[in-house]
Amino acid sequence: MNAGKNKAPLLLMEQLIMIFVFSIVAVFCIQAFVFGGKISEEGRRREEAVHYAENLAEVLKANGGNLKGMEDDYWEMEMDSDYILTVERKKQDDYLGIAEITVKDSENKVLYRMKTAWQEDVYE
C-alpha cells in the first residue's frame, strides 16, 4: 500500500511535463499557421497585381499605346485604394512602342513589374 502512494507524485509530475511539452509544441504550431496566413495574403495581393498589370497591358495594346490622361509618356492610376498602376513609355520607334507597367501597393512597394509592346500604326 505504501508503494502505490509513493508513485502518485511521479505520475503527477509526468503528466505536468507532458502538458508543458505539449504547450511548447502548440506555440510553434500556432506560429506556423500565422506565418502561413501572411504568405497566403501576400500571394493573393501579388496575383491581383499581375491581373491588373496584364489587363492594363491589353488595353494599352488595343489603343496603340495611348491611354486617356497620358501625358509626357507617363500615366498613373489608383485602384481600390490598395494598388497604384503606372505606365511609362520606354522606347518608341516607327513600328514598335514599348512601355513598362508597374503595380505598387499603398505603401509604395513594387508588387509586379512588366514590359509590354505594341505595333504602331504606320499608315498615318
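**Exercise 1. Which side chain meets that of R113 in a salt bridge, and which residues share the network?**

Solution. The side chains of R113 and E100 meet in a salt bridge at 3.7 Å, N to O, where a salt bridge is a side-chain nitrogen of Lys or Arg within 4 Å of a carboxyl oxygen of Asp or Glu. R113 lies in strand β4 (residues 110–119) and E100 in strand β3 (residues 96–105), so the pair ties together parts that are 13 residues apart in sequence; helices (H or I, at least four residues) and strands (E, at least two) are DSSP runs, numbered from the N terminus. Salt bridges that share partners then join E88, K90, E100 and R113 into one network. Within that group, the bridge between K90 and E88 spans 3.9 Å from N to O.

The model is predicted, so local features need pLDDT of at least 70 and side-chain atom pairs count only at pLDDT 80 or more, while totals for chains, interfaces and linings use all residues. Residues are numbered from 1 along each chain as its sequence is written, and side-chain values use heavy atoms, with hydrogens and water left out.

**Exercise 2. Is E100 buried or exposed?**

Solution. The classes are buried for under 20% relative accessible area, exposed for over 50%, and partly exposed in between (1.4 Å probe, protein chains only). E100, with a relative accessible area of 15%, is therefore buried. Its partner R113 is partly exposed at 46%, and the same class holds for K90 at 44% and for E88 at 35%.

**Exercise 3. In which sense do β2 and β3 pair, and what stands opposite E88?**

Solution. Two strands pair if DSSP finds at least two bridges between them; β2 and β3 pair in the antiparallel sense over 9 bridges, and they form a hairpin with 3 residues between them. E88 stands opposite E100 in β3. On the β1 side, β1 and β2 also pair in the antiparallel sense, over 6 bridges, with T86 in β2 as the bridge partner of E76. In the hairpin of β1 and β2, which has 3 residues between the strands, D80 takes a positive phi near 55 degrees.

**Exercise 4. Which element gives the most to the largest nonpolar core?**

Solution. A nonpolar core is a set of buried Ala, Val, Leu, Ile, Met, Phe, Trp, Tyr and Cys residues joined through side-chain atoms within 4.5 Å. The largest one has 19 residues, and those with the most contacts inside it are L56, L67, W75, L85, V87 and I101. At least two residues of this core come from each of α1, β1 (74–79), β2 (83–92), β3 and β4, and α1 gives the most, with 6 residues. Leaving aside neighbours within four places in sequence, L85 is in contact (heavy atoms within 4.5 Å) with residues including Y52, L56, W75 and V103.

**Exercise 5. How far apart are the closest N and O atoms of R44 and E41, and where do both residues lie?**

Solution. R44 forms a salt bridge with E41, whose closest N and O atoms are 2.5 Å apart. Both residues lie in helix α1, 3 residues apart, about one turn of the helix. R44 is partly exposed at 36% relative accessibility, and E41 is partly exposed at 34%. K38 is also in helix α1, but this residue is exposed, with a relative accessible area of 56%.
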